[in-house]
Amino acid sequence: MNKQMEWALSINYIRQVADQLAEMDIAVAPWLAVHGLTLADLDQAEATVPWGVVRALFLEAEAITGESALGLMVGERLRINSHGILGYAAMNSGSVRQVVELLERFIPLRINLVMVSHRVEGRFLNLQIRELLPLGELQPFLMGAVVVAVKNVLDFITLGNCQVAQANFAFPSAFDRELVDSLFRCPVRYDQNWTGLSLPLDRVDLPLRTADHTAFEHAEKLCERELQNMVADASVSARVRRLMLAKQVNFPSLAVTARMLHMTPRTLHRRLQDEGTSFQEILDEVRHSLAMEYLKSQEMTIQELAYTLGYGDTANFRRAFKRWTGVAPSFFRESSET
C-alpha cells in the first residue's frame, strides 16, 4: 500500500495555485503534466490529489515563481465559496465560535493534512491549526495558505466585527513584511509554539448578520454525511494513524484504539494485517515523524520528548531513534541547526 495516498487535498486548491501561476504568466499545463494531471482535471470538483503529488506540485510552483510567499497569495484567493459545503455552513453560522467548532469537526472534508482546535487563554480564543503530517520545507507554503484562507472566512462572516487580534506561525519569518501587513492587517508573530489566529473572546459569541439557522442545520447535516462517508472509505491504518496524530501524546493502546473504531482488538489486528501493517508499525511511524519535527523545533529536551512520545526510559527512545535514522537524536538536532 502507498501510504501517501491516504493523505490528499481537494483538487479545488490545486486549481487555485494554477490560477495564481497563470496570473503570473507561467504556463500551467507543463507544471501539471509532469505529475499526470491536465487542465481538464482541475474541473473535477470532487477529485482529490494524493499528498506525494501535492507536495511536488507546490514545491515546483515555489521554485518556478521564486516567490517565498506564494502560499499566502494562494490563501488570499480562497473565499468562503471556495470551501464547498463547509464554506456554506460557515456562512450561515450563528457565531464565530460556531464557525470554529465547525472547522474542528469538518476540516478533513477539505484538507486532511491539518487539524483545527481551539483554546481560551485570557482575553482570546486561540484557533490553532496543527499539521497532522510533518510538512517539512512545505510548511510555510501550506500553513500560510490555510491561515490566510481561515482568516478570509472569518472576515467575511463577521463583516469586521470580530477582527483577528494576532496571527501566529510556528516557523521562522518566511514572508515579505509588506505583503504580510496587507493580507493580515494585524500583528504577525513567528517562531511561536502554535500556528493559527487569536480572536477577541468578547466577540466570538456575538450573533452574526449572515446567520441562517435553517440553512446552517441543513449544511451541517450534509457535512456530517460527507465525513461519515469519508471515514467509511478510509483504510483502517489511515484511521489509526489519524487518531495517533491527533493525540500526539499518550497514544491510545491497541485496545483503546479498537474501541474508538468500534472494533475488537482482534478485528483491528486482523484488518491491519490485511493492509500489510500492524499497530506497532504505525505507532513507530508516527513516533518517528513527530520526533524529527519536535527535534527541529528545539522546544523540548530529549528527555521531555521521550516522555511525550510514550517512552518510559530516555535510553529506549535513543535506541529507537537511532534505528529509524541511523543517528542519535542529539546529532540529528545539531545537524538540523546548521
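Here a trainee and a mentor talk through a predicted model of one protein chain.

Trainee: Let's begin with the whole chain. How many helices and strands does the chain have?

Mentor: Good place to start, and remember that we are looking at a predicted model. Going along the chain, the count comes to 16 helices and seven strands.

Trainee: What radius of gyration does the chain have, and what would a compact globule have?

Mentor: We can reason from the chain length here. The chain has 338 residues, and a compact globule with that number would have a radius of gyration near 20 Å. The value for this chain agrees with that, and the C-alpha atoms fill a box of roughly 55 × 50 × 45 Å along the principal axes. The radius of gyration of the chain is 21 Å.

Trainee: What share of the contacts in the chain joins residues 24 or more positions apart?

Mentor: Here we look at contacts with a separation of 6 or more. Of those, the share from residues 24 or more positions apart is 69%.

Trainee: What percentage of the residues in the chain is buried?

Mentor: A residue is called buried when its relative accessible area is under 20%. The chain also has an outside, of course: about 16400 Å² is exposed, with 51% of it supplied by carbon and sulfur atoms. Out of the 338 residues, the buried ones make up 49%.

Trainee: Let's try single residues. Is Asn-12 buried or exposed?

Mentor: First find Asn-12 in helix H1, which covers residues 11-23. Its relative accessible area is 8%, and the cut-off is under 20%, so Asn-12 is buried.

Trainee: Which backbone oxygen lies 2.7 Å from a polar atom of the Asn-12 side chain?

Mentor: Look around the side chain of Asn-12. It makes a polar contact of 2.5 Å with the side chain of Arg-15. Beyond four places in sequence, Asn-12 touches Ser-82 and Arg-110. The backbone oxygen at 2.7 Å belongs to Ser-82.

Trainee: Which residue shares a side-chain polar contact of 2.7 Å with Ser-237?

Mentor: Ser-237 sits in helix H10, residues 236-247. At 2% relative accessibility, Ser-237 counts as buried. The side chain of Ser-237 is joined by that 2.7 Å polar contact to the side chain of Glu-275.

Trainee: Where is Pro-134, and is Pro-134 buried, partly exposed or exposed?

Mentor: Pro-134 is in the loop between strand S4 (124-131) and helix H7 (139-158). Its relative accessibility is 24%, which falls between the cut-offs of 20% and 50%, so Pro-134 is partly exposed.

Trainee: How far apart in space are Pro-134 and Met-292?

Mentor: In sequence, Pro-134 and Met-292 are 158 residues apart. Pro-134 also touches Ser-289 and Glu-293, leaving out residues up to four places away in sequence. From C-alpha to C-alpha, the distance between Pro-134 and Met-292 is 8.8 Å.

Trainee: What is the relative accessible area of Leu-305?

Mentor: Leu-305 lies in helix H14, residues 302-308. Beyond its neighbours within four places, Leu-305 is in contact with Ala-291, Tyr-294, Leu-295, Met-300 and Phe-317. Leu-305 is buried, with a relative accessible area of 0%.

Trainee: Which backbone oxygen does the side chain of Arg-333 reach?

Mentor: Arg-333 is in helix H16, residues 329-337. At 13% relative accessibility, Arg-333 counts as buried. Its side chain comes to 3.2 Å from the backbone oxygen of Leu-295.

Trainee: What is the phi of Arg-185?

Mentor: A little background helps: most residues other than glycine have a negative phi. Arg-185 is in the loop between helix H8 (177-184) and strand S6 (188-189), and is exposed, with a relative accessible area of 59%. Although Arg-185 is not a glycine, its phi is positive, at about 55 degrees.

Trainee: And where is Asp-191, and what is its phi?

Mentor: Asp-191 is found in the loop between S6 and strand S7 (196-200). Asp-191 is exposed, with a relative accessible area of 54%. It is not a glycine, yet its phi is positive, at about 55 degrees.

Trainee: Last one: how far apart are the mean positions of the positive and negative charges of the chain?

Mentor: Take the 34 positive charges and find their mean position, then do likewise for the 40 negative charges. The distance between these two mean positions is 7 Å.

Definitions and conventions:
Residues numbered from 1 in each chain as written. Predicted model: local features only at pLDDT ≥ 70, side-chain atom pairs only at ≥ 80, totals over all residues. Heavy atoms only, no water. Helix = DSSP H or I, 4+ residues; strand = E, 2+ residues; numbered from the N terminus. Buried < 20%, exposed > 50% of the residue type's maximum accessible area, 1.4 Å probe, protein only. Polar contact = N/O pair within 3.5 Å; in protein donor to acceptor, adjacent residues only side chain to side chain. Rg over C-alpha atoms; globule rule 2.2 N^0.38 Å. Contact = heavy atoms within 4.5 Å. Areas by Shrake-Rupley, 256 points an atom, 1.4 Å probe, with all protein chains shown as cover. Lys, Arg positive; Asp, Glu negative; His and termini not counted. Charge placed at Lys NZ, Arg CZ, Asp CG, Glu CD.
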